[in-house]
Amino acid sequence: MAEIFRLSFNKTAVQAAIVFGVLTVMSEPPHAVAQEGMSPQARQVIGKLSAAERKQFFDLSRRERRAFISQRMSEGGSNRPSSENNQTIDDGLNPKSPRAVQKSAGLFNTGVKAIYPAGAKCLEAKSFFGDQTRHDGSSRTPHFYQGYHEGLDISAEEGTPLVALADGEVVHRYTGGRLVGNQIYLRHTPDDTGLPVYIYSKYKHFRDLPDLKIGARVKMGQVIGYSGKTGTTGGHFGQAGYPHLHLSIYVAPNGEYKTLKIKIAAENLRYFDPIALYLMGARKTYDNPAVRALSDGDKRVHIPYKSASGKVMPKGTRLIWPFLCAD
Ligand SMILES: [Zn+2]
């Protein structure tokens, strides 16, 4: 999750992020650094941080800290994201501001509501796409993605099986990095889903890196690995970490992608609200502004799933919840 952080401070990276949609995580280890050696301006910026923010600041790498300081200095020392209501894009933000760039890439609450099945028990999401809070209601740090969640967090005890949410192909695997841990990307083609777009699903924090090779095909409902807390310990989620699945969904008009160290990149790749994924076929909505424009009634999303006994509901669905639901 460190990626938006760098994004915030570097125009070229911001533009690249609009193109690529997916952002890069720093893998530099954190360095212990004292405030000595910092400029008076830097110390002033740090002086304005809350105690919690200061702690997070010192968990950052040297490079991240430098970028953070220079952004804050260029913002005139403001130390929080604006408390804008994120329902509109035309809200007077400078279009080059980090938050405006994020919004144009589709990172905002769409207002969808997950309706879990009455006939089964599913693990539920605790922090939604575009949320400024974590699973426990605490505020997300503005240091990462300006404080907005770029995925869905589903709490799950370590070792809970994770399943492919659709047929697809493993296109990326990665291990390491703070806030990432063990991660894979699946690509789901129109043939896999019946949708007219390509879907990429990013699963983070597996207990162990899934034993799946790049190019391996997976079937909807196939166990692809086990829930864990890799990448979550220290800093952001506290020393003990937080076992959960972080699921991000991206949509692209074609299936071409590039493999980078920690992510895939593709032209016109855009964020998509993971809950809205389960509306796509029914509502013909393939981007977040279109989802946000739906009526409240249409934003109620009935979660499709596979049960532990192998039943798929509703019958014929080609997208399911990333955990099996208890019968
Ligand atoms: Zn998350």
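Strands here are DSSP runs of E with at least two residues, and helices are runs of H or I with at least four, both numbered from the N terminus; on that footing, Q146 has its place in the loop between β2 and β3. The model is a predicted one, and its protein chain holds 10 helices and 16 strands. Of the 327 residues in the chain, 44% are buried, and among the contacts between residues at least 6 apart in sequence, 65% join residues at least 24 apart.

**Confidence**

- The mean pLDDT of the protein chain is 82, with 75% of its residues reaching 70 or more.
- Over residues 1-34 the pLDDT stays under 50, and for this stretch the model has 79 contacts beyond four places in sequence.
- A second stretch, residues 74-90, also stays under 50 in pLDDT, and here the model has 20 contacts beyond four places in sequence.
- Where pLDDT is low, predicted coordinates should not be read in detail.

**Strand pairing around β3**

- Strand β3, residues 152-155, pairs with strand β2, residues 125-127, in the antiparallel sense over two bridges, and within this pairing S127 stands opposite D153 of β3.
- β3 also pairs with strand β10, residues 244-252, again in the antiparallel sense but over four bridges, and there I154 stands opposite L245 of β10.

**The largest nonpolar core**

- The largest nonpolar core comprises 59 residues, of which I154, A164, Y250, I275, A276, L277 and F323 touch the most other members.
- At least two residues of this core come from each of β3, β4 (161-163), β6 (181-188), β7 (198-206), β10, β13 (270-272) and α8 (274-277).
- Among the contributors, β10 gives the most to the core, with six residues.
- In soluble globular proteins, nonpolar side chains tend to be buried together.
- Leaving aside residues up to four places away in sequence, F323 touches C122, L123, I154, A156, T160, L162 and V163; one of these partners, I154, is itself listed with F323 among the core residues that touch the most other members.

**Backbone geometry in the loop between β2 and β3**

- Most residues other than glycine have a negative phi, and most peptide bonds are trans.
- Y145, whose place is in the loop between β2 and β3, has a phi near 50°, a positive value in a residue other than glycine.
- Y145 counts as buried because 26 other C-beta atoms lie within 10 Å, where the cut-off for a buried residue is 20 or more.
- Q146, in the loop between β2 and β3 as well, has a positive phi of about 55° although it is not a glycine.
- Q146 has 23 C-beta neighbours inside 10 Å and therefore also counts as buried.

**The cis peptide bond**

- M313 and P314 are joined by a cis peptide bond, for which omega is about -10°.
- The place of P314 is in the segment after β16, which spans residues 312-313.

**N109 and its distant neighbour in sequence**

- N109 lies in the loop between α6 (98-104) and β1 (113-115).
- With 19 other C-beta atoms within 10 Å, N109 is partly exposed, because the buried class begins at 20 such atoms and the exposed class ends at 12.
- Although N109 and D273 are 164 residues apart along the chain, their C-alpha atoms are separated by 7.9 Å.

Technical notes
Residues are numbered from 1 along each chain as its sequence is written. This is a predicted model: local features need pLDDT of at least 70, side-chain atom pairs count only at pLDDT 80 or more; totals for chains, interfaces and linings use all residues. Two residues are in contact if their C-beta atoms, placed from the backbone, lie within 7 Å. Two strands pair if DSSP finds at least two bridges between them. A nonpolar core is a set of buried Ala, Val, Leu, Ile, Met, Phe, Trp, Tyr and Cys residues joined through C-beta atoms within 7 Å. pLDDT is the predictor's confidence in each residue, from 0 to 100.
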